[in-house]
Amino acid sequence: MMVVRGKGVRGLQGPPCALLAASSCRFHLLAIVQGHKYDCGDGGRLDVLARRSSDNGQSWSAPRVIYSESDATKDVTIGTPTAVVDQTTGSVFLFVARGFKTLLLLRSEDEGQTWTPPRDLSQSLVPPEWTGVWAGLPQ
């Protein structure tokens, strides 16, 4: 569980950390969660946040928003983040759901430091009769 106090985040939910293999014997960890701006409800403003560790979890970077579509005039639900690491290439694939209706994919080639713009996978992967979409297990 990622704990952030005093940063404008009311609650956090997320799956376990993604293990990123490093070129040395040390392991890099990437903790990715959905951050609840106002409360711990399932909707409203949810952003995807991350923290990184390059020393086996002994210390962590400050939390940062890695994906959001919200701004001062609208709250957008971006949730159920699920990361998959390709252990051969080191690519990190991050699946997220927008408004529980749309499935998006982001990719990082530098251990989660930067991310590609999202790619909408809904048309090819989500049947029209589905009433909800989660990128991973519902939190």
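**Why these names apply: salt bridges and a buried serine**

Biologist: Glutamate 111 forms a salt bridge with arginine 52, with the closest N and O atoms 3.4 Å apart; what makes this pair a salt bridge?

Modeller: A salt bridge needs a side-chain nitrogen of Lys or Arg within 4 Å of a carboxyl oxygen of Asp or Glu, and the 3.4 Å between arginine 52 and glutamate 111 therefore meets the rule. This is a predicted model, in which local features need pLDDT of at least 70 and side-chain atom pairs count only at pLDDT 80 or more, while totals for chains, interfaces and linings use all residues. Residues are numbered from 1 along each chain as its sequence is written, and side-chain values use heavy atoms, with hydrogens and water left out.

Biologist: How many salt bridges does this rule give?

Modeller: The count comes to four salt bridges, including the one between arginine 98 and glutamate 69, where the closest N and O atoms are 2.9 Å apart.

Biologist: Why is serine 91 called buried or exposed?

Modeller: Buried means under 20% relative accessible area, exposed over 50%, and partly exposed in between (1.4 Å probe, protein chains only), so serine 91, at 5%, counts as buried. Glutamate 109, by contrast, is at 49% and therefore counts as partly exposed.

Biologist: What joins the side chains of serine 91 and glutamate 109?

Modeller: A polar contact of 2.7 Å joins them; the term means a pair of N or O atoms within 3.5 Å, where, within protein, one must be able to donate a hydrogen and the other to accept it, and residues adjacent in sequence count only if both atoms are side-chain atoms.
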